[in-house]
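Student: I have a model open on my screen and would like to take a close look at one part of it. Could you walk me through that part and then connect it to the rest?

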Amino acid sequence: MTRFLGVLAILLLGIGAVPHAPWAAPLENADGFWSEWNEATFARARAEKKFVIVSLQSWWCPWCLTMNRETWANPMVRAELRDHFIPVHVDQDSRPDISQRYERWGWPATIIFGPDGTEIVKLRGFYSPQFFIPVLRETIKDPLPVDYGEPGGPERERTLSTGLTDAARAAILAFLGKAWDPANGGWGKSKLVDGPTLGWFLDRAKAGDAEATPRIKQTLTRMIALIDKDSGGISQVTLAPDWSKPSLEFPMFAQQAGLAAYARASVLFGDSAYRKAADDIYRFLRDKLAGPSGGFHASMGMAEGQPGVDKRQYARETGQAIQGLAAYYDATGNQEALALAIAGTDWALRERALNGGGFRHAAQDAAGPYLADSVEMGAALLALHRSTGNAKWLQAAIAAGDFIAATFVDPKTGGFFVSASPDAKHLPKPIKQREDNVTTTRFFTLLAFYAGNARYREIAEAGMGYLASPAVLEQAAFLPDVLLAEDELRNEPVHVTVVGAKDDPRSAALYAAALAYPLAYKRAEWWDKREGRLANPDVDYPDFPDGPAAFACTRTFCSLPVTDAAAIPAQLDRLQRAMR
C-alpha cells in the first residue's frame, strides 16, 4: 500500500512538460509488441503469471505520441517489460466503454493489472523512461494494489428522489463561484470548452442574471483565443489561465460546444465577434471534419503546425456534429449548415443504425453497443426535428429513446450504463459515467414533451435521481451539467408552435424567428395541418383566418396568435417570465 511513497516525488515530475511530437498516424504494431484488449490476453496473463499493462491513447493526443516515441519504444523500457508484462494498446476513441472507465486518468492513461485481472496501478499522462521504469520495477517487487481513495460512495437503491437537495445545489453553486477566474474569465486554471457549463451561464444570462451575464461574455470573448486562425477549429482546453496555450487538440465534443455556444451568444448579445467565432468553427466542421459521403470524422490533432485528421467515423461524433450544426442553423438560418446536418443524419441512419432504433459506434464494434452513440444520435435527431419541423426525425429520435430504455437503464439505481456488455469478464459490470447520464437525462426530459409520452419523463426522473446520488456528487463539486439537467427537469421548455403551411414563406419566417430565440431548452414545432396531428397534440390550436400564426404556450395558457416574426422574441420573453 505504501510502496509508491518513496518514489512519489519523482513520479509526479514525470507528468511535466515535454516537447510536442510531430503529429503521426495511429500506433503501428509491426513488431508485435502490443496485444489486444480481449479475454485471450487476460487468459494468457493468468497462464504465464504476467502483468497486463494497458496504454489508453487518443488519436488527437500529442502526449500519447510523445510517450510512444520516448517511452514505449525505449530499449530499456522494453527490457523491463519483456519477462513480466504483456503490453496492451487501447484506442480510447474506438472503445468508449474502456475509455470511460479510466478517463479520470487522462490521455495517455496507463493501467497495470495483476495476472488475475486485479487493478494495481493507474498512471495519468506522459511518463518518460526515467520515471516509468521505477514504476515497473516496484510493481514486480510489490504487486499489491495501490489505494487511490476512489471517490464516490456506494450507489443507493432507486428512490423517488428526482433532484438535488438544497444543500447539494448550494455546494455546487458555491464551487462555481469559487472557481471563477475574474482576471481571465472562465472557471479554473486549465479551462475546458465544456458545453453544459457554457449553456448553464448562457441560460442565466438570458434570464437577466446580473452576475452571470458579464462572466459568460468575458469567458466567450477570451475563449476566442482557442480558435485556430487557419482551420477554424477550437482547441478543447487551454493549459494557461490566460488562454494563451491552446492544446491544439480538436475533438468533436469541443466543436459542438463552441459552435452551439457562439451561435446562441451571437443572437443573445448581438455581438459580431461571437458570430464570426461560430462561422469559423462551422467552417472547420465543413472543411476538415465532414466526410465525403456524409457523417463526420472524429477529431483533428495538431503539433508543430502539422494537422492530422482522424478519418474514422463514429455515430457519437457524428451526432455531436449534427447537434452543433442544428444550433448554428437555428441562430443563423444558414441553409448549407442544415444540409450538412441532414447529410450526416442520413449517413448515420444508413451506416450505423441498429435494429430497434439504436446506433453502433463504428462499422464493426469490438463490444457494445455503447450508450454514447445512441444518445448523441437521439439528441441529434431531436434537434434536427426542431430545426426542420419534419416528423420523420422525431420518430427516429423516439426509436432511439426506446432502444436506450431497453438496453442501458439500470433498474436498481435509475442510471444508464455506458455499454450493453462488460468491457472484460474480470471487471465489474459496465459502469455509469456522469456526462453520458446527464446527456441521456436531458434527452429524455425534452423527448417527453415532443412525444407526449409520460414514460420518457419517468426515465428522465430516474436518471436525475441517480445523478443526485452521493455516488455521483462526491466525485467532484464542479457539476454545472447536473445543475442543467435538474433545471430542465423542473421546468417546462419554452414552447412555440407555428400553425401554417410549410410552403408558405410567412410560416417559414415565423418558424425561423422561433428557432433563433436564444434558449437551448425549447420546444419549437411547425404544424402543417395537411400532415396530420402533431406527435404531442396537447394544445388545440385554432385556425387563424389571416394566414400562418405562431402561438407561445405553457401547460395552462397560450398567447394570442402572432403573425409578425419580429414580435416572437418579446412574446417568448413574456412566456418565459410567466413560467418561472
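Is tryptophan 243 buried or exposed, and what is its relative accessibility?

Tutor: Happy to. Please keep in mind that this is a predicted model. Tryptophan 243 counts as buried, because its relative accessibility is 3%, and the cut-off for buried is under 20%. Its place is the loop between strand 6 (237-238) and strand 7 (249-251). The backbone there deserves a look too: tryptophan 243 has a positive phi of about 70°, although it is not a glycine. Most residues other than glycine have a negative phi, and most peptide bonds are trans.

With that in mind, let us visit other backbone features. Lysine 49 is another residue other than glycine with a positive phi, near 55°. It lies in the loop between helix 2 (39-48) and strand 1 (51-57). Lysine 49 is exposed, with a relative accessible area of 68%, whereas tryptophan 243 is buried. A glycine comes into the picture as well: glycine 452, just after helix 16, takes a positive phi of about 70°.

Helix 16 itself covers residues 434-451. Its 18 residues reach 25 Å from the first C-alpha to the last, close to the 26 Å expected at 1.5 Å a residue. Of those 18 residues, 15 are buried, so helix 16 is largely enclosed by the rest of the structure.

Further along the chain, isoleucine 459 sits in helix 17 (residues 454-467). Isoleucine 459 is buried, at a relative accessible area of 12%. Setting aside neighbours within four places in sequence, its contacts are Ala405, Phe416 and Phe444. Phenylalanine 416 is 43 residues away from isoleucine 459 along the chain, and their C-alpha atoms are separated by 9.9 Å.

Now turn to helix 14 (residues 371-388), where you will find arginine 386. Despite its being an arginine, you can file this residue under buried, because its relative accessibility is 11%. Not counting residues up to four places away in sequence, arginine 386 touches Asp330, Tyr450, Tyr511, Leu515, Ala520, Lys522 and Ala524.

The loop between helix 13 (335-351) and helix 14 holds histidine 361. At 0% relative accessibility, histidine 361 counts as buried. Beyond its neighbours within four places in sequence, histidine 361 is in contact with a list of residues that includes Asp93, Ser94, Pro96, Tyr314, Glu317, Arg352 and Asp373. The C-alpha atoms of histidine 361 and glutamate 317 are separated by 9.2 Å, with their positions 44 residues apart along the chain. Proline 369 also lies in the loop between helix 13 and helix 14. A cis peptide bond joins glycine 368 to proline 369, with omega at about 5°.

Since we started from a tryptophan, the aromatic side chains are a natural next stop. The structure holds 22 aromatic pairs. One of them is formed by phenylalanine 33 and tryptophan 34, which meet edge-to-face at 5.0 Å centre to centre, with 85° between the planes. Both phenylalanine 33 and tryptophan 34 are buried. They belong to one aromatic cluster together with Trp72 and Phe132. The ring of phenylalanine 33 also has a charge over it: the charged end of arginine 78 sits 3.7 Å from the ring centre. Elsewhere, arginine 204 lies over the face of tryptophan 200, at 3.9 Å from the ring centre.

For the cysteines, the structure holds 1 disulfide. Cysteine 553 and cysteine 558 are its partners, with 1.8 Å from S to S. The link is right-handed, with 110° about the S-S bond. Cysteine 553 counts as buried at 1% relative accessibility, while cysteine 558 counts as partly exposed at 34%. Cysteine 64 is buried, with a relative accessible area of 1%.

Finally, step back to the whole chain. The protein has 21 helices and 12 strands, and buried residues make up 58% of its 580 residues. Among contacts between residues at least 6 apart in sequence, 71% join residues at least 24 apart. The accessible surface comes to about 23,400 Å², and carbon and sulfur atoms account for 54% of that area. To return to your starting point, tryptophan 243 is among the buried residues, at 3% relative accessibility.

Note on methods. Residues numbered from 1 in each chain as written. Predicted model: local features only at pLDDT ≥ 70, side-chain atom pairs only at ≥ 80, totals over all residues. Heavy atoms only, no water. Helix = DSSP H or I, 4+ residues; strand = E, 2+ residues; numbered from the N terminus. Buried < 20%, exposed > 50% of the residue type's maximum accessible area, 1.4 Å probe, protein only. Contact = heavy atoms within 4.5 Å. Areas by Shrake-Rupley, 256 points an atom, 1.4 Å probe, with all protein chains shown as cover. Phe/Tyr/Trp six-rings, centres within 6.5 Å; stacked < 30°, edge-to-face > 60°. Lys NZ or Arg CZ within 6 Å of the ring centre and 35° of its normal. Expected span 1.5 Å × (residues − 1). Disulfide = S-S within 2.5 Å.
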